[in-house]
Amino acid sequence: MGPLARRRARAAWWFLLPSLTVLLLIAGWPLLRTIGFSLTDAYLGDLENYSFVGLDNFILLSQDPFWWQSVQNTLFFTVASVALELVLGLTIALILNVALPGRGVMRAAVLIPWAIPTIVSARMWQWMYNDLYGVFNQMLMGVGVIAEPIAWTADPALSLWAVVAVDVWKTTPFVALLALAALQLVPRELYEAARVDGVHPVKIFFRITLPLIMPALLVAMVFRMLDALRIFDLIYILTSGSPSTMSMSVYARRHLVEFQDVGYGSAASTFLFALVALITATVLTLGRAHLTREVRQ
Amino acid sequence: MRLNNILRLGLLLLCLSPATLVRAATVSISCGAVGIELEVCRDGAEAWAEKTGNEIRIISTPNSTTDRLALYQQLLAAGSADIDVFQIDVVWPGILHEHFIDLKPHIEPERLRAQFENIIDANIVDGHLVALPWFVDAGLLYYRKDLLDKHGFGVPETWEALTHTAATIQKTERAGGNRDLWGFVWQGRAYEGLTCNALEWVHSSGGGNIVDDRGEVIINNPAAVEAIDQAAAWIGTITPLGVLNYEEEQARGVFQSGRALFMRNWPYAWTLVNGGDSPVRGKVGIAALPRGEDGVHTGTLGGWQLAVSRYSGVRQEAIDLVRHLSSRREQKRRALEAGYNPTWPELYDDPEVRAAHPIAPTLRKVLAGAVARPSDVTGRSYNQVSNAFWSAVHATLAGKGDAAGNLALLERRLERIRRHRGW
């Protein structure tokens with residue numbers, strides 16, 4: 001590295017310093033504190049007096065079937081909701097990308113679910129899902145699809161899917177918007193050249209469009225996964241603490257706040273953090289390797 | 001003599017001009033909002049405000065008792081002064097006591113002696129009076145008189161009779177065109193309410209309690225297994241599957257719109273199902289909950305108390321408000337206007353209360369046999385114990401394993417909580 005490059009690197013660090021400090025204060029410190037608490041028997045009513053218990057909390061955590069159930073629920077929810085959101089979001093983006101009349105209004109309209117606060121939409125869906133006076137059962141029974149009302153949020157076979165459906169409804173617009181932005185950046189000449197060569201539209205999509213918008217989709221996927229892994233509010237409102245839909249965050253909060261067991265709850269939060277970090281790192285590494293290979297080809 | 005007169009004059013003057021001497025304070029009180037609870041609370045608190053020249057801020061709280069406790073725990077753990085007077089559940093003194101002041105020095109001993117002894121006891125932790133009782137609850141069976149008469153059934157004495165009656169009437173009514181009718185609705189969501197419901201099934205069938213008075217875990221016994229398996233068999237037959245997500249108000253919604261024959265609920269629902277706009281007005285009766293074959297009638301003891309926050313900036317006014325709201329006179333008003341059940345036994349014999357509140361004698365009997373949740377003996381671990389219990393019951397109701405397996409798991413779980421948290 002030459003002296004100029006060294007000087008520029010040093011200057012860059014100076015510019016980064018303020019944001020790094022803020023990050024350390026608002027993200028790093030609470031995180032360290034949580035990890036620290038996870039090794040103690042701290043109690044929320046009195047956070048001054050606690051003793052060090054080593055890995056006890058983690059051992060207890062690993063022996064709790066409800067915890068593993070909530071890990072499983074969270075992973076299922078993440079895979080199902082993110083996959084559906086990517087497919088639907090991309091479809092909507094492709095439709096919006098075609099020059100249709102009223103496109104501007106359409107773009108604004110798809111954003112509405114995203115703009116409604118989750119608590120409000122969760123309550124709204126809770127009414128619609130109600131087994132005896134909800135609108136879904138009314139409609140489905142009206143057209144004769146079902147004979148008996150379905151208990152959407154109470155039936156353990158359906159309740160997690162009911163949560164996935166609300167999340168898909170709410171966050172598909174986010175994916176659609178990111179995909180649309182990426183689609184608009186694809187150079188028109190590529191499509192023209194493909195058309196001149198007589199390439200089939202499906203092949204155009206898979207050979208030109210998809211590889212070029214892949215980085216944006218990857219970003220959308222990572223954001224959505226980070227969000228989905230710490231899902232809390234929707235589940236809390238829709239199904240409360242039922243074990244068949246409990247997520248890791250709901251589990252951690254229950255122990256932290258309801259049971260005031262800061263040590264054990266922090267252990268659950270720490271595990272959640274480690275899992276999120278691991279999954280994000282894996283996805284980013286795989287995605288980068290994949291992208292580099294595409295570029296080399 | 002002269003001195004005495006001057007003193008009296010002085011006192012009189014003091015009384016005449018309270019506003020100039022006492023600065024008006026704003027006292028915040030958290031009230032429940034189930035049914036018409038909030039309005040009745042507001043009326044009582046505002047009457048006090050008018051009388052004393054202070055101001056009142058009413059804070060409404062979540063309907064689910066579990067959510068309400070979590071909210072209180074967050075506020076109190078942060079030492080927040082946002083709420084001065086807390087409406088707390090009868091099972092919370094052991095969990096929250098360190099955040100409330102001792103009311104004993106502010107209450108006359110005879111006033112305490114005149115109220116239900118077991119409820120006063122529930123509010124005493126380590127010799128401190130944590131809260132003053134406000135109203136008392138117990139689980140009751142609501143039934144549709146008209147439907148029972150029409151089909152020639154009596155009020156069921158046992159759970160088995162209830163199951164049979166509900167199944168028969170539901171079948172006949174549905175065949176006759178009343179397609180939405182269900183037999184029995186209750187509170188089956190995974191929350192504190194399910195602990196109350198399930199404890200009633202267990203206790204009334206001779207299965208005892210979750211934890212006994214000495215702290216031993218006794219829930220894993222044949223009578224309890226049978227009682228919970230029986231409830232699981234109701235799901236989908238006489239009880240809609242949706243009950244697994246019902247709280248009090250959802251159950252009342254179904255019953256009050258005429259779509260259920262029986263309902264388990266607290267006394268508050270009585271006034272509402274007989275309200276002016278209720279489709280089942282005048283068609284409803286109440287009774288003690290059924291019992292098991294060799295069991296006794298019971299109901300889970302509930303009820304709400306008023307406590308003053310340690311972090312309150314207007315402590316004296318807050319104490320005065322609690323004294324006013326929990327007084328015999330105010331409790332009588334609440335009984336007459338909204339059917340809230342007083343914590344003063346003598347009020348159950350009051351002619352006015354009896355006239356306005358015909359269920360008072362039944363309730364008094366149920367209260368005498370009510371079963372208390374084990375909050376006393378498990379102390380600050382109570383909500384963890386209750387959570388483990390309702391989770392095991394909810395899993396059984398949802399068809400994930402049978403009661404025998406789930407109660408065995410529960411027993412191990414409770415022993416583990418006991419070892420690690422202690423009680």
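**View 1. Helix α9 of chain A, hardly covered.** In this predicted model, α9 of chain A runs over residues 188-196 and is hardly covered. Go through its nine residues and the count of buried ones comes out at zero. What comes after the helix? α9(A) is followed by A:G198, and this glycine has a positive phi, near 75 degrees.

**View 2. The two domains of chain B.** Here we switch chains: chain B splits into domain 1, made of 23-136 + 302-359, and domain 2, made of 140-300 + 372-421. Between the C-alpha centres of domain 1 of chain B and domain 2 of chain B there are 27 Å.

**View 3. Where domain 1 of chain B meets domain 2 of chain B.** On the domain 1 side, 16 residues are in contact with 22 residues of domain 2. Two helices of chain B, α4 (65-77) and α5 (93-96), each put at least two residues into the domain 1 side of this contact. α4(B) gives the most, with three residues. As for chemistry, the domain 1 side has seven nonpolar residues, nine polar ones and no charged ones.

**View 4. Chain B against chain A.** Now for the contact between chains: 23 residues of chain B touch 20 residues of chain A. Which elements of chain B give two or more residues to this side? They are α4 and α19 (382-397) of chain B. Sorted by class, the chain B side holds 11 nonpolar, eight polar and four charged residues. So α4 of chain B turns up on the side that touches chain A, as well as on the side of domain 1 that touches domain 2 of chain B.

Note on methods. Residues numbered from 1 in each chain as written. Chains lettered and ligands numbered in written order. Predicted model: local features only at pLDDT ≥ 70, side-chain atom pairs only at ≥ 80, totals over all residues. Domains from an automatic or database assignment. Contact = placed C-beta atoms within 7 Å. Helix = DSSP H or I, 4+ residues; strand = E, 2+ residues; numbered from the N terminus. Nonpolar A, V, L, I, M, F, W, Y, C, P; charged D, E, K, R; others polar. Buried ≥ 20, exposed ≤ 12 C-beta atoms within 10 Å, placed from the backbone.
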